[in-house]
Every structure is written in C-alpha cells, then in structure tokens.
Amino acid sequence: MPDPYAPALPRPTEPKPYAPAELRALDRAHVWHPYGPMPGRQEPLVVESASGVRLRLAEPAEGQRELVDGMSSWWSAVHGYNHPVLNEAARGQLDRMSHVMFGGLTHEPAVRLAARLVEITPEPLQHVFLADSGSVSVEVAVKMCLQYWRSAGRPEKQRLLTWRGGYHGDTWQPMSVCDPEGGMHELWSGSLPRQVFADAPPDGFDAEPDPAYTTRLRELIARHAHEVAAVIVEPVVQGAGGMRFHSPGYLRVLREACDELDVLLVFDEIATGFGRTGELFAAGHAGVSPDVMCVGKALTGGYLTMAATLCTSRVAEGISRGEVPVLAHGPTFMANPLAAAIASASVDLLLGQDWAGEVARIGTGLRSGLAEAAELPGVADVRVLGAIGVVQLDHEVDMASATRAAVREGVWLRPFRDLVYTMPPYVTGDDDVRRICRAVCAAAREG
Ligand SMILES: *Cc1c(COP(=O)(O)O)cnc(C)c1O
C-alpha cells in the first residue's frame, strides 16, 4: 500500500516527562486504582520499565531500584516482561493493523488464536468468543448458558449455582457468583441477581473428596436444577476469593451431577489456565471438560487485555436453534488483532518449551523456601500448588508494612485479606525464587 500519511505527517512534540513526585501528585488527584478510594491513600510505586522478571522503579523504594515480580502482574506475565518474541509479534502486527471491527470482518490473528485455543483445550470445546477482559468473558459465558435454556424452551432456568470462596470478576453477573461474604462485593448483595451457593469445597488438593460434602453438593444441585442454568466454578484453585486449593474429585462430582440433572457446567480458568497449576488447564487434573470455559489473564502473556469464552457445539447449536438465534454480544474491541497476535505468540512460546518442568521447578523452590514460614507466629497455613505459593495468616495482613517488608527484600508482592502469596513468572530463576520466598516470609512476619 502507498503510505497514506506521506509526505506531510504532522507530529506532536514529545511531552516532557513528569518528575516522579509530580506524577504521583497527579495520580493521587485524578486516577482510580483497583479497589482504591479517591483520592488514593496509599502511595503507589512508580514503575518506569520492566524486563525479564524485574520491575524498574522511577526512584528507589526501601533502598531498591529494581523489584523481582512475585505477582506476574496478577497471574498474567508468565513469560516475564519485555520478551523479545512477544515484542516481535506485537511489532509485526502493529505494522499491519492494530485494530479493525469484528462485525462483518475477520482476520488471521483472531482465526489463528481461536483455532489454537480449540486445539489445546478439552476436546468438546469447539467455539470461541474473544472478549476484552476476564469479567466480560464470564458475562458472555453466563449469557450463553441462560440463552441455551431459553432457546431450549426452559426460560425458567436462569439462576447460577456456585460454591463459596470464589471470584469471577467485577462486572455484574461475575460479582453475583463471587463469595457473598467478606468478599469484595458484599456491598452489592442486595441488588445482585440472587444465585445459589454451596459451601466452599473442603481444603486440600491431595485430600480425598469428603463424601458428606459431595452428597450435600449433589442434593443442592438437584433441588435447584429446575431453575439453575449452570454451575460455575474455578477449578482446583480459588484465586482472588481466598487462594484455596481443593481436590479435583469435586470437579468430577460436578460433571456427573450436571449431566444427570440437565445443568450446564462452566469452568472459569482465567487464573488457572496456561499451566499455572501444573496442568495446562486445571480441568486436566480431574480429566473432565466443562460445557463452557473462560480463559484470560495469561492468555496474552500479560501484554494486552484479552479473554476468551469457549463452548461446545451442543451449547452453540442450542443457542442458534432458538427463537432469537444469535448470541447478542459484540464488544467494540472484540478479537483485537494486536492482542490476538500476541496471544498466539504467547501460547506458542509456552507450548514450545518444557513449561510443566519450569512450573514444577518453581513449585519445588516455593515449597522449600516457604517451609520456614510455617514456624512463624501468626501463620495459619502454608501451601503450594504448581507455581503458586500461599502463606495464610491468622489475622488480616497489614498491607502497607507487608508490602514494605517485601520491597526491602527487593520483591514486589500484593498481599490481601489474610494472605501473602506469590505466582512468579515461569522464567523466574532459582535464585530469584529464593528471593521471593524470603520476601514472602518477611511480609508474613511484618504484615
Ligand atoms: C481475574 C479473574 C477474573 C476477572 O478477569 P478481569 O480480566 O480482571 O476482568 C475472573 N475470574 C477469575 C478466576 C479471575 O482470576
């Protein structure tokens, strides 16, 4: 194509960089942060750049200019920052087009990514909706399930059933299935759709499923099956709802009960997907597959916001046979080519290496490095699964002092509630894993 902007491209002059103090003042005055008040009460650290597993700060904090990232930017940056392969995928796509609408048009990055997701997820999942965030992908999953039953002539099936302790995002339907107590959305319990809650699954990845719990769970599903469209859960690891692990056996129980009782099963793998728990998808621990599955977070290797809702042909065809034979959802930035191109590169990068070996290596490092935390006063539990390490306190963590203690060790952590936890990028070397463990212990001691 000829260059449409030649010859006289007006270029705005480069803005003058802010001094860190100026930047912080403007941030405080104008910018919302996650779960924050306005104006902000905590001073956020200013990050200037990031590379590998390190965040570079604009000014030293606790004597540190660089922090090893123990959070993978909320589970997403599994390959680390500024990765040459992902940068190249981004640049290549940027030079072709960063975005084009998805209504009536399609493009290779979206098709390639969708085909790849179908290939690597459990076999019955065949159709892919590319959404722009995890919460939206959960909204889409819920809409699919409700519409499936409406199309099947059973519009009364419109509630959801889940177990306590979950987290599914911050928009309306996802909020309604987050843990209703002590969670981030308790304030809204009166105005959210009222869903059906089972007790949280008993703790312990390796624990045998508790038959009494299993029976109660089945009975609850049976009692509400006439009004429930779907069971939605995070498989194996409940993330932001409390960092708890449960036996994969419960997922098999859900699959059987849902099949028997005409209820759809949704797995929210937004946090667990792409290897974090030691299986490519956590459903793999149980050997079951859901009717609808959400992935996000690590999908683009932490580069851009994108998530996907996958469903079976039964669900897709059911919707399309209905009185309204379309899925009425279509975000402006649906299937964004830039995000999709990076996502495909990220998935290829992951699958082209011994990711399971790396996750296991990090898990081993976390297990040995966090063992001493169990002896600390105020620590209630220490647990590790895949590349996730959790220290649970017997009290609410003092976020400011816990964060400071970690930063002093040269590590970035973001504790919440009674939890100091880490899920490092898979490229974190053994020395840095040890460093992260020292920081988790320091944060647990001082938090
Ligand atoms: C983070 C998360 C979400 C929400 O994803 P966003 O991209 O933050 O909207 C939903 N479900 C689970 C399990 C998550 O961990």
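Leu26 is a good place to start: with a relative accessibility of 34%, Leu26 counts as partly exposed. This leucine sits in helix α1, which covers residues 20–30. Together with Tyr18 and Leu23, Leu26 makes up a nonpolar patch on the surface, and the three share about 260 Å² of accessible area. Please keep in mind that this is a predicted model. From here, the tour goes to the ligand, then to some backbone features, and last to the charged pairs.

**The ligand and its surroundings**

- Which residues surround the ligand? They are Ser133, Gly134, Ser135, Tyr167, His168, Gly169, Glu234, Asp268, Ile270, Ala271 and Lys297.
- Sorted by character, this shell holds 3 nonpolar, 5 polar and 3 charged residues.
- Ser135 makes a polar contact through its side chain, where an N or O atom is 2.6 Å from an oxygen atom of the ligand.
- Asp268 also takes part through its side chain, with an N or O atom 2.6 Å from a nitrogen atom of the ligand.
- Lys297 has a polar side-chain atom that lies 2.6 Å from an oxygen atom of the ligand.
- How much of the ligand does the protein bury? Taken alone, the ligand exposes 380 Å², and the protein buries 82% of that.

**Backbone features to look for**

- As background, most peptide bonds are trans, and most residues other than glycine have a negative phi.
- Met38 and Pro39 are joined by a cis peptide bond, with omega at about -5°.
- Pro39 belongs to the loop between α1 and β1, the latter being residues 47–51.
- Ser73 is not a glycine, yet its phi is positive, at about 45°.
- You can find Ser73 in helix α2, which runs over residues 72–75.
- Is Ser73 buried, partly exposed or exposed? Its relative accessible area is 40%, so Ser73 is partly exposed.
- Asp262 is another residue that is not a glycine but has a positive phi, here about 60°.
- Look for Asp262 in the loop between α8 (249–261) and β10 (264–268).
- Asp262 is partly exposed, because its relative accessible area is 36%.

**A buried valine in a loop**

- Val288 is located in the loop between α9 (283–286) and β11 (292–295).
- With a relative accessible area of 12%, Val288 is buried, since buried means under 20%.
- How far apart are Val288 and Pro201? They are 87 residues apart in sequence, and their C-alpha atoms are 17 Å apart in space.

**Salt bridges**

- In general, side chains of opposite charge can pair when their charged atoms come close.
- The count for this model comes to 27 salt bridges.
- One of them brings together the side chains of Asp199 and Arg216, at 3.6 Å from N to O. Asp199 lies in the loop between β6 (196–198) and α7 (211–224), while Arg216 lies in helix α7, so this pair ties together parts that are 17 residues apart in sequence.
- Asp199 is partly exposed, with a relative accessible area of 42%, and Arg216 counts as partly exposed at 45% relative accessibility.
- Arg218 and Glu256 also meet through their side chains in a salt bridge, at 3.3 Å from N to O. Because Arg218 lies in helix α7 and Glu256 in helix α8, the pair ties together parts that are 38 residues apart in sequence.
- Arg218 has a relative accessible area of 29% and is partly exposed; Glu256 is partly exposed too, with 44%.
- Arg361 forms a salt bridge with Asp430, and their closest N and O atoms are 2.8 Å apart. What does this pair tie together? Arg361 is in helix α12 (residues 355–370) and Asp430 in helix α14 (residues 430–446), so the bridge links parts that are 69 residues apart in sequence.
- Arg361 counts as partly exposed at 24% relative accessibility, and Asp430 is partly exposed with a relative accessible area of 40%.
- Which residues are linked in a network of salt bridges? Glu48, Arg54, Arg56, Arg65, Glu66 and Asp432 are linked in this way.

Methods
Residues are numbered from 1 along each chain as its sequence is written. This is a predicted model: local features need pLDDT of at least 70, side-chain atom pairs count only at pLDDT 80 or more; totals for chains, interfaces and linings use all residues. Side-chain values use heavy atoms; hydrogens and water are left out. Patches are made of residues with over 30% relative accessible area and no salt bridge: like charges are joined within 9 Å, nonpolar side chains (Val, Leu, Ile, Met, Phe, Trp, Tyr) within 5 Å. Accessible areas come from the Shrake-Rupley method with a 1.4 Å probe; for residues, only the protein chains shown count as cover. A salt bridge is a side-chain nitrogen of Lys or Arg within 4 Å of a carboxyl oxygen of Asp or Glu. Helices (H or I, at least four residues) and strands (E, at least two) are DSSP runs, numbered from the N terminus. Buried means under 20% relative accessible area, exposed over 50%, partly exposed in between (1.4 Å probe, protein chains only). A residue is near a molecule or strand if one of its heavy atoms lies within 4 Å of it. A polar contact is a pair of N or O atoms within 3.5 Å; within protein, one must be able to donate a hydrogen and the other to accept it, and residues adjacent in sequence count only if both atoms are side-chain atoms. Ala, Val, Leu, Ile, Met, Phe, Trp, Tyr, Cys and Pro count as nonpolar, Asp, Glu, Lys and Arg as charged, and the others, Gly among them, as polar.
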